[in-house]
Amino acid sequence: MLVGFFVSFTTFAIMQQQSPEKYITTRARTLPIHKCLVNEDWETSKMAQVIVMRRHVTGNVTIGLYLVDLLCLGVKDTHYYFNILPNEFEESIKDGPEFTEISYELAHNIVYAGHDFAMEFTIKPCAGFALTQYILEEDNDNIPLIDISTGDEEGQPHLMVQPGSNYHDALTKLRQHAGEGNYHFTIGIGNDEGEADEELFPPPSLDDFEHGAIDAITARVFDMETLLDRPAVEKRGPTEILAMGIETRLRMLEISDNGINIIGNESLENLPEFDMIKKAKDGLHTENGFKLWDDVDNMKYLEDAVHRLRVLNDAEMAEAFGQLPPGDQQNPLLAIFLYEKMLIMSKNYDDTISSFVVGILQRHIATCPLAALYFDFNTGRNNMQPPVGEAAMSNDISDYLPAYTYYGNYELHIYWLIKVLRYAAADDPANAAKFYKLAVEVQSYSEALFSLQFTLLQYLNDKVKSDFFNSE
């Protein structure tokens, strides 16, 4: 049976919100269990579709979906829904197999029975399980053990695959660890006509998402047919069009004759850089006591000044800062706030930022890591010449910012955007794509990301030689 799962997200907060991935790894286990389901025929088919729902205080649910092959492959597919209405999900599966409600303990044991059986032959779970395991409880003695039958009637692994599928690695591991004669291997599972079953969960459509809800992460869930539906895509907002345009080109590079090795979505968590996301603190690094823009009085005056950006000169910008309390007038986080708004509102998206604001960032490079990062990002974005040197070439933020003891997820986000610029300038699309995906993993939307996407889209256009999505 061929079963597909897909991901759906609700609208994300624009600034300083954890990505769904970070929320799941750090907080999902604190949510109470809402409901668990499994397909009714799981014991006879030995293919279990396990669904675990956790309830937020709002009544919404975060859901882990696990396709578990109890015959051999263990957790062969897994995805999640984040913070959605329960009836949205239940509506999406009503035309699929019949599900029955089960206890969490049974759901947990089914998943880990398949997982552990496969691991006996060093067959690892699919890459996505590195994340969705956190929707499950930790697998320890606190979960009562339930005996789940694995393997065939004789308890031997039975590898069952579709024609044309990539089974060579699993078959090699069975030969090595089970031994000849101690496993079974079958090709050609399908329906009565010999064809593979269709996906029980159809891929998501643009209509499944509210206007403004599609960002660089949610763009990953669409198939190419949806991404290439130009009339439908162009009805969305500018941030959504950019996100889907870049996702389209990344996939074009993956399948092009150039043979460019773009890092796939499911393998991100296997990268050494991914560990930096786990180490990042929530929000901004504010060790030096700088106020966030939401906590500053008279911000309305500054916002009005920004809306006059096209006629605003440095003296007027200084005057706008002068309306703030003295302690806030040299606040680098406020300068960054203005900088981001300028990125969005500048007519051509590549104008040089006001020297007054850049001057504030320069004065705080030694004391505010985000100021240092934004100054480098601004330099790289305008000149396509990011900072050079051994530290800048490192892929570890600790080398780039050695003076700071820890960093927040927003600093990490900007750092990786700088890496995107560096590798695009070096004409290295594989690394540019890798760090773009890492950047949106930790922060799915920011003004800095939005401004960079114009540059990145034009660069990727040149790489795929496509006129789809005019970048203007």
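This report covers the nonpolar cores and the enclosed cavities of a predicted model.

## Main nonpolar core

In soluble globular proteins, nonpolar side chains tend to be buried together. Here the largest nonpolar core holds 62 residues. Six of them touch the most other members: Y374, F377, L412, I414, W416 and Y436. Helix α18, residues 409-425, supplies the largest share of this core, at 11 residues.

## Contacts of W416

W416 is among the core members that touch the most others. Beyond its neighbours within four places in sequence, W416 contacts E273, M276 and I277. F435, L438, A439 and V442 are also in contact with W416.

## Second core

A separate core of 31 residues is also present. Its members include C36, V50, V52 and Y112.

## Cavities

Rolling a probe the size of a water molecule over the atoms shows where empty space is left. The model has 4 cavities of 30 Å³ or more. The largest cavity encloses about 60 Å³.

Its lining is formed by E21, K22, T25, F274, I277 and K278. Two elements each give two or more residues to this lining: α1 (20-27) and α10 (275-279). Helix α1 gives the most, with 3 residues. By character, the lining of the largest cavity divides into 3 charged, 2 nonpolar and 1 polar.

## Where the two topics meet

I277 links the two topics. This residue is in contact with W416 of the largest core, and I277 also lines the largest cavity.

Terms used: Residues are numbered from 1 along each chain as its sequence is written. This is a predicted model: local features need pLDDT of at least 70, side-chain atom pairs count only at pLDDT 80 or more; totals for chains, interfaces and linings use all residues. Side-chain values use heavy atoms; hydrogens and water are left out. A nonpolar core is a set of buried Ala, Val, Leu, Ile, Met, Phe, Trp, Tyr and Cys residues joined through side-chain atoms within 4.5 Å. Buried means under 20% relative accessible area, exposed over 50%, partly exposed in between (1.4 Å probe, protein chains only). Helices (H or I, at least four residues) and strands (E, at least two) are DSSP runs, numbered from the N terminus. Contact means heavy atoms within 4.5 Å. On a 1 Å grid over the protein atoms alone, a cavity is a set of points where a 1.4 Å probe fits but cannot get out, and a pocket is an open set with protein on both sides within 12 Å along at least five of seven lines; lining residues have an atom within 4 Å of a point. Grid points are joined across faces, edges and corners, and a volume is the space filled by probe spheres set on the points. Ala, Val, Leu, Ile, Met, Phe, Trp, Tyr, Cys and Pro count as nonpolar, Asp, Glu, Lys and Arg as charged, and the others, Gly among them, as polar.
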